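Work through the exercises below with the model open. Each task is followed by a solution in steps.

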Amino acid sequence: MTYHPKSDFMRVMIERGFLADCTDYQGLDEALAKGVVPAYIGFDATAKSLHVGSLIQIMMLRWLQKTGHKPIVLMGGGTTKVGDPSFRAEERPLLSEAEIDANIDGIRKVFSSYVTFGSGKTDAMMVNNAEWLDDLNYLEFLRDIGRHFSVNRMLSFESVKSRLDREQSLSFLEFNYMILQAYDFLELNRRYGCLLQMGGSDQWGNIVNGIDLTRRVLDREIFGLTSPLLTTSDGKKMGKSATGAVWLNAEMLSPYEFWQFWRNTTDADVGRFLKLYTELPLEECARLGALEGSEVNAAKIILANEVTRLAHGPEAAAAAEATAREVFEKGGVGEDLPTLVLSAAEIAGGISLAQLVLRSGLAKTGKDAKRLIAEGGARVNDVIATDPGQMFGAEDLAEPVKLTAGKKRHALVTLAD
């Protein structure tokens with residue numbers, strides 16, 4: 001990438017590693033340098049929170065606002081009823097309207113930590129595409145919008161082709177998704193003067209469709225920009241941990257567990273993640289990313305603190321670090337550890353160690369729990385336990401019991417009052 005940008009936003013995107021591709025670098029850069037550019041990213045409301053796989057897009061909207069532009073968070077209240085087929089093996093389960101609305105409320109909470117909402121020129125706004133999609137007249141939509149789409153071209157998009165090549169079913173409902181997403185861009189431009197759509201590089205085809213449609217229908221010049229699809233250095237998809245999705249909403253994942261996810265970053269990813277997920281100066285990101293051996297642990301703690309501070313606030317970040325220090329350095333029981341609370345009735349006949357490990361989230365299946373214990377990878381109150389069938393009764397859990405899987409994952413088990 002040899003282009004030297006005039007605008008702060010493009011400079012940040014390029015220097016910090018957010019940019020994969022752009023439909024017109026120079027045209028977009030000039031628009032950004034000229035005045036406030038409203039830009040959007042779409043998020044389907046399939047859960048009550050986004051996870052860290054969406055954090056790169058959230059940070060792009062944050063930087064957009066910090067550099068003097070207007071972020072539009074587009075909630076797919078309408079498109080969630082259809083489901084994005086992009087690179088999926090099967091159709092998404094369909095949600096009710098009430099479930100979608102509840103999910104949008106949860107996602108708004110996540111965003112309020114990263115952008116400032118309001119009615120000012122650069123204040124963020126949250127828009128729901130159900131506003132225009134719910135009332136569409138199907139025949140009018142086909143006549144006015146559908147005629148601009150070539151099925152031959154739609155079949156050539158990688159997201160569709162990959163499903164067809166694997167001979168997996170692609171419903172007509174899902175096939176419509178890319179037309180609806182293109183129509184979103186047109187409507188956002190018409191209603192709010194939106195000039196830019198951003199998204200992951202898997203959205204490139206959908207973004208180009210929206211630009212093409214807006215040019216044909218409104219004769220307006222708009223832009224698209226994509227970020228790389230991130231995997232960790234060991235090839236794993238960003239957003240997943242050993243125990244499941246790493247949610248951004250504190251009700252779905254505790255700030256301590258969130259902090260711990262970042263603390264466990266592999267050495268090779270530290271510098272890159274500092275640039276993408278924190279606002280530390282680039283020189284500091286490079287310095288911390290170059291640390292080796294035991295020194296890199298200090299960089300991981302800074303990464304965990306900075307990312308947790310943005311997501312959950314400075315107090316939650318400080319509490320998570322304090323808990324980690326207590327657990328790791330002193331062998332103590334930190335207050336913020338994930339906790340499994342059992343009722344007396346649940347353990348009337350006793351409960352096995354394998355069940356405790358499974359139910360506390362330290363293993364995905366009973367089989368995994370038994371293997372972890374049998375191989376010496378589990379500890380009870382910092383003492384190695386090797387019998388998956390070891391039983392615990394009410395007297396054993398009178399005081400909280402600390403479970404450990406491997407070196408870094410911990411949970412508490414306690415009895416309900």
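**Exercise 1: a helix pair**

In this predicted model, Val 270, Phe 273, Leu 274 and Tyr 277 of H13 are in contact with Val 296, Ala 299, Lys 300, Leu 303, Val 307 and Leu 310 of H15. Classify the residues in this contact, then describe how H13 and H15 pack.

Solution.
- Sorted by class, the contact of H13 with H15 holds nine nonpolar residues, one charged residue and no polar ones.
- Helix H13 (residues 270-277) and helix H15 (residues 296-312) have axes 10 Å apart, at an angle of about 20°.
- Angles under 35 degrees count as roughly parallel, so H13 and H15 are roughly parallel to each other.
- The crossing of H13 past H15 is left-handed.

**Exercise 2: a salt bridge at Lys 300**

Find the salt-bridge partner of Lys 300 and state whether each of the two residues is buried or partly exposed.

Solution.
- Lys 300 pairs with Asp 267, with 2.6 Å between the closest N and O atoms.
- Lys 300 lies in helix H15 and Asp 267 in the loop between helix H12 (255-263) and H13, so the salt bridge ties together parts 33 residues apart in sequence.
- Lys 300 has 5% relative accessibility and therefore counts as buried.
- Asp 267, at 44%, counts as partly exposed.

**Exercise 3: a salt bridge at Lys 6**

Locate Lys 6 and Glu 30 in the chain and give the N to O distance of their salt bridge.

Solution.
- The N to O distance is 3.9 Å.
- Lys 6 sits in the segment before helix H1 (8-15) and Glu 30 in helix H2 (residues 25-34), 24 residues apart.
- Lys 6 is exposed at 58% relative accessibility, and Glu 30 is partly exposed at 33%.

Methods
Residues are numbered from 1 along each chain as its sequence is written. This is a predicted model: local features need pLDDT of at least 70, side-chain atom pairs count only at pLDDT 80 or more; totals for chains, interfaces and linings use all residues. Side-chain values use heavy atoms; hydrogens and water are left out. Axes are lines fitted to C-alpha atoms, for helices over the stretch in contact, and angles run from 0 to 180 degrees between N-to-C directions. Helices (H or I, at least four residues) and strands (E, at least two) are DSSP runs, numbered from the N terminus. Angles under 35 degrees count as roughly parallel, over 145 as roughly antiparallel, 65 to 115 as roughly perpendicular and the rest as oblique. A crossing is left-handed if the near helix is turned anticlockwise from the far one by less than a right angle, and right-handed if clockwise. Contact means heavy atoms within 4.5 Å. Ala, Val, Leu, Ile, Met, Phe, Trp, Tyr, Cys and Pro count as nonpolar, Asp, Glu, Lys and Arg as charged, and the others, Gly among them, as polar. A salt bridge is a side-chain nitrogen of Lys or Arg within 4 Å of a carboxyl oxygen of Asp or Glu. Buried means under 20% relative accessible area, exposed over 50%, partly exposed in between (1.4 Å probe, protein chains only).
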